[in-house]
Amino acid sequence: MKRRDFLIQSMLSSLATVAFHDFPVQSQPLYQTKQSYKSWKSDNSFLTGINAPVFQELDINNLKVSGTIPKELQGMYVRNGPNPMFKPSAYNYPLEGDGMLHGIYFNQGKVSYKNRWIQTSGLTYEMFEGKELSELKFKNYANTNIMAHGGKLLALYEIGLPYEINKDLETVGKWDFNGKLEQSMTAHPKVDPITGELHFYRYSFFNTPYLHYYIADKQGKIIRNYPIEISQPVLIHDMAITQNYAIFFQCPLAFNMQKAKENNTPFNWEPEAGSTIILVDRHNPNKKPIYIKTEAFWVWHFMNAYEQNNQVMIDYVYYPKMKLESNWQVILANKSNLQRMTIDLPTQKISQQPLDDHYIDFPVIDSRKLANPYRFGYAPHIDTELLSQKQLPNYFPALIQYDVVNQTQKIHQLKSGSYCGEPAFIPHPNKTSELDGYIVTLAYNENTNTSDLLIIDPANFEQEPIATVHLPVRVPSGFHGNWIPS
């Protein structure tokens with residue numbers, strides 16, 4: 001594809017010195033610097049401190065471990081996040097920043113680490129030019145999530161096709177499900193733990209219908225493409241599923257063409273439009289969706305949803321409003337909490353119940369319970385007092401374990417000067433309880449300017465980690481990660 005053609009396509013769909021050397025550090029661990037790039041600094045709050053990008057792709061073996069690695073951990077934990085290669089003239093977090101993957105590999109008790117930029121088409125052009133290209137401002141960064149399905153490892157973003165990645169985190173190329181997927185794919189697909197089906201969607205800013213719902217079988221073949229009518233183009237970041245429904249929240253963060261032309265964050269908060277809950281039958285494509293109007297609110301992420309006694313229960317992170325601006329003051333203003341929405345199917349009436357008053361996001365559960373009744377969920381705590389003190393975002397000093405049945409919480413407080421990101425639940429391969437497994441999260445240590453991977457026992461959540469993997473480098477704050485078993 002010629003560069004001009006690529007630039008045109010990129011804008012339409014998105015508006016919608018190599019150095020190899022080995023050297024030991026105190027004999028262990030063993031580094032290999034795969035590639036190094038020119039570093040830069042910024043005073044943008046999302047590009048400094050815990051959020052500052054790194055400029056080397058590394059392989060590090062024989063990582064130091066405190067405690068004992070559970071013998072069941074055989075595989076890799078991979079996390080995605082924004083890491084701009086070139087200094088941006090402006091930075092609209094969380095929508096921008098070249099994707100970088102950070103992988104931690106477990107093999108017979110030994111642990112290694114590597115990180116790689118995702119070589120998207122846009123990044124490739126900028127690397128050729130050696131600078132940021134303003135015409136690629138809204139490119140596909142592939143920076144939001146990473147998941148495995150149908151024998152493929154996919155890096156995901158809101159407004160572009162997935163990028164296939166191999167087990168060494170090298171970029172294979174765009175993946176369109178053998179030509180069956182057009183334009184883009186959500187960064188938050190759901191895998192049914194019983195059928196193995198992948199449920200996902202794409203949304204458009206220009207073409208009606210603005211929302212399409214897809215199902216792929218466990219081999220990765222798309223078996224359903226269902227258009228859904230919505231009133232206007234809006235940002236839809238996540239979805240939920242139950243045994244019978246795919247669930248979408250149409251919240252009033254609407255696409256604004258004028259803001260996009262001005263190269264600003266292209267979304268307006270329009271509360272007068274309210275929010276709409278959309279229930280789509282998973283099994284009958286001829287059945288019309290259920291639309292339920294309610295007051296305006298915002299959701300980035302769902303924890304889980306399920307059906308019980310002719311009701312649909314949806315647990316999600318509730319924001320009364322959403323303003324997309326890249327500064328810590330706005331982050332404080334967009335305060336959230338864990339909320340339960342109950343929909344009575346016969347009457348289609350909605351009730352809302354707060355499950356907690358902590359400011360949280362990035363919720364996760366044991367994926368074996370997805371779309372089914374469950375008990376435990378996890379999320380990092382966003383400490384507003386700490387954010388005000390730091391005047392920087394993404395400092396999360398604790399994890400919360402939610403018991404949604406008994407409506408209680410337990411806190412895992414990190415050590416002073418350490419701050420975590422999204423957790424991931426790794427199920428025990430031979431046990432079935434929601435407490436049979438491990439919670440892992442990457443934690444930045446500001447005292448050493450390095451990062452650790454914490455491994456926490458869900459059954460003893462408030463206790464010290466059962467193991468800590470020490471990285472001799474820093475992993476910047478990021479978005480979502482997943483466990484990929486061997």
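# Spaces, salt bridges and rings

Author: Strand E30 (418-420) and E32 each supply at least two residues of the lining of the second largest cavity. Strands (E, at least two residues) and helices (H or I, at least four) are DSSP runs, numbered from the N terminus. This is a predicted model, where local features need pLDDT of at least 70 and side-chain atom pairs count only at pLDDT 80 or more, while totals for chains, interfaces and linings use all residues. Residues are numbered from 1 along each chain as its sequence is written, and side-chain values use heavy atoms, with hydrogens and water left out.

Reader: What makes a space a cavity and not a pocket?

Author: It's about whether the probe can get out: on a 1 Å grid over the protein atoms alone, a cavity is a set of points where a 1.4 Å probe fits but cannot leave, whereas a pocket is an open set with protein on both sides within 12 Å along at least five of seven lines. A residue belongs to the lining if it has an atom within 4 Å of a point. By that rule the second largest cavity has 19 lining residues, with Arg-79, Cys-420, Gly-421, Ser-477 and Gly-478 nearest its centre. E32 gives the most, with three residues.

Reader: How do you know the volume of the second largest cavity?

Author: Grid points are joined across faces, edges and corners, and the volume is the space filled by probe spheres set on them. For the second largest cavity that comes to about 160 Å³.

Reader: And what about the largest pocket, how many residues line it?

Author: The largest pocket is lined by 44 residues, and Val-191, Ile-365, Ser-367, Asn-482 and Trp-483 lie nearest its centre. Its volume is about 1200 Å³. E35 gives the most to this lining, with five residues.

Reader: How do the residues of that lining divide?

Author: Ala, Val, Leu, Ile, Met, Phe, Trp, Tyr, Cys and Pro count as nonpolar, Asp, Glu, Lys and Arg as charged, and the others, Gly among them, as polar. That splits the lining of the largest pocket into 26 nonpolar, twelve polar and six charged. For the second largest cavity, the split is twelve nonpolar, five polar and two charged.

Reader: Why are Glu-170 and Arg-116 called a salt bridge?

Author: A salt bridge needs a side-chain nitrogen of Lys or Arg within 4 Å of a carboxyl oxygen of Asp or Glu. The closest N and O atoms of Glu-170 and Arg-116 are 3.1 Å apart, so the pair passes. Glu-170 sits in the loop between strand E10 (163-165) and strand E11 (171-174), and Arg-116 in strand E7 (residues 110-117), so the pair ties together parts 54 residues apart in sequence. The count by this rule comes to 16 salt bridges.

Reader: Why does Arg-116 count as buried?

Author: Buried means under 20% relative accessible area, exposed means over 50%, and partly exposed is in between (1.4 Å probe, protein chains only). Arg-116 is at 3%, so it counts as buried. Glu-170 is at 27%, so it counts as partly exposed.

Reader: What makes Lys-390 and Glu-446 a salt bridge?

Author: Their closest N and O atoms are 2.7 Å apart, so they meet the rule too. Lys-390 is in helix H5 (residues 384-390) and Glu-446 in the loop between strand E32 (437-445) and strand E33 (450-456), so parts 56 residues apart in sequence are tied together. Lys-390 is partly exposed at 23%, and Glu-446 is partly exposed at 30%. Elsewhere, salt bridges that share partners join Asp-59, Arg-116 and Glu-170 into one network.

Reader: How many aromatic pairs does a search of the whole structure find?

Author: It finds 29. Tyr-201 and Phe-248 are one of these pairs, with 5.4 Å centre to centre and 90 degrees between the planes. Tyr-201 lies in strand E13 (residues 198-203) and Phe-248 in strand E17 (residues 245-250), so the pair ties together parts 47 residues apart in sequence. Both residues are buried.

Reader: Why is the Tyr-201 and Phe-248 pair called edge-to-face?

Author: Rings of Phe, Tyr and Trp (its six-membered ring) pair if their centres lie within 6.5 Å, and planes under 30 degrees apart count as stacked, over 60 as edge-to-face and the rest as tilted. At 5.4 Å and 90 degrees, Tyr-201 and Phe-248 are therefore an edge-to-face pair.

Reader: How do you know that Lys-152 lies over the face of Trp-175?

Author: The rule asks for NZ of Lys or CZ of Arg within 6 Å of the ring centre and within 35 degrees of the ring normal. Lys-152 lies over the face of Trp-175 at 4.3 Å from the ring centre, so the distance fits.
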